[in-house]
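Me: Could you walk me through this model, one question at a time? I'd like the reasoning as well as the final value or name.

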Amino acid sequence: MMTIVINIIAFFLTYAFMEFTAWFTHKYIMHGFLWKLHKDHHIKDHDKKFEKNDYFFLMFAIPSFLLIYFGFEQGVSSVLLWIGLGIMVYGITYVLVHDIFIHRRIKLFQKTNNPYFKGMRLAHKIHHKHLTKENGECFGFIWVKKKYIKADETN
Ligand SMILES: [Zn+2]
Ligand SMILES: [Zn+2]
């Protein structure tokens, strides 16, 4: 019984920690020394379907895969498995919201009246108004500041 509780907590903590990791990575690494990989997400300078920026997805997918793989070998009560699943579910959320809902890489669920989703899109669009490595804002993602949720979406 106790293991189940610990695993559920591990799952949600991992999910929340991933939002922090995404924010930190975006602000200090993607807009830092790995800007060369993130740049084409701000200024698209090629017509390829995939961006160099997509490598970041792999950087998170690989540890998630390894944790799930080795966790499963230990059994479903392995905490490694639940940490791996937390990263994976965050990754799925990220792709659904960032790549599909906001950037429309696949034409699916674009319309919404939900103030939270609209706020999330607005905040990320503000992030994209900056085309350089420096002076960015709104690096977070699922955690949306209240002012964006209240604000009307203008674009
Ligand atoms: Zn950025
Ligand atoms: Zn983006």
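**Fold, zinc sites and surface**

From the N terminus on, the protein chain's elements run α-α-α-α-α-α. This is a predicted model, where local features need pLDDT of at least 70, side-chain atom pairs count only at pLDDT 80 or more, and totals for chains, interfaces and linings use all residues. Residues are numbered from 1 along each chain as its sequence is written, chains are lettered from A and ligands numbered from 1 in the order in which they are written, and side-chain values use heavy atoms, with hydrogens and water left out.

Me: How many helices and strands are there in the protein chain?
Reply: Elements here are DSSP runs, numbered from the N terminus: helices are H or I with at least four residues, strands are E with at least two. The C-alpha trace spans about 50 × 35 × 30 Å along its principal axes. The tally for the chain is 6 helices and 0 strands.

Me: Which residues coordinate the zinc ion (ligand 1)?
Reply: Donors are N, O and S atoms within 2.8 Å of the metal (3.2 Å for Na, K and Ca), and water is not among the atoms, so sites may look incomplete. Along the chain, the donor residues of this ion are spaced H-x4-H-x6-H-x3-H-x84-H. His26 lies in helix H1 (residues 2-33) and His42 in helix H2, so that pair ties together parts 16 residues apart in sequence. Lying 2.0 to 2.2 Å from the ion, the protein donors are the NE2 atoms of His26, His31, His38, His42 and His127.

Me: And which residues coordinate the zinc ion (ligand 2)?
Reply: The donor spacing for this one is H-x56-H-x4-H-x20-H-x3-H. Here His41 sits in helix H2 (residues 35-42) and His128 in helix H5 (residues 115-129), so the pair ties together parts that are 87 residues apart in sequence. At 2.0 to 2.3 Å, each through NE2, the ion is coordinated by His41, His98, His103, His124 and His128.

Me: Is His41 buried or exposed?
Reply: Buried means under 20% relative accessible area, exposed over 50%, and partly exposed in between (1.4 Å probe, protein chains only). His128, at 15% relative accessibility, counts as buried. With a relative accessibility of 10%, His41 is buried.

Me: Which helix gives the most to the nonpolar patch?
Reply: Patches take residues with over 30% relative accessible area and no salt bridge (a side-chain nitrogen of Lys or Arg within 4 Å of a carboxyl oxygen of Asp or Glu); like charges are joined within 9 Å, and nonpolar side chains (Val, Leu, Ile, Met, Phe, Trp, Tyr) within 5 Å. This patch covers about 1,100 Å², and its members include Met2, Phe12 and Leu80. Met2 lies in helix H1 and counts as exposed at 58% relative accessibility. With 8 residues, the top contributor is H1.

Me: Which helix gives the most to the lining of the largest pocket?
Reply: On a 1 Å grid over the protein atoms alone, a pocket is an open set of points where a 1.4 Å probe fits, with protein on both sides within 12 Å along at least five of seven lines; lining residues have an atom within 4 Å of a point. The largest pocket holds about 720 Å³ of space, and of its 32 lining residues, the closest to the centre are Asp54, Phe57, Tyr94, Val95 and Asp99. H1, helix H3 (55-74) and H4 each supply at least two lining residues. Giving 10 residues, the main contributor is H4.

Notes
Areas by Shrake-Rupley, 256 points an atom, 1.4 Å probe, with all protein chains shown as cover. Points joined across faces, edges and corners; volume = space filled by probe spheres on them.
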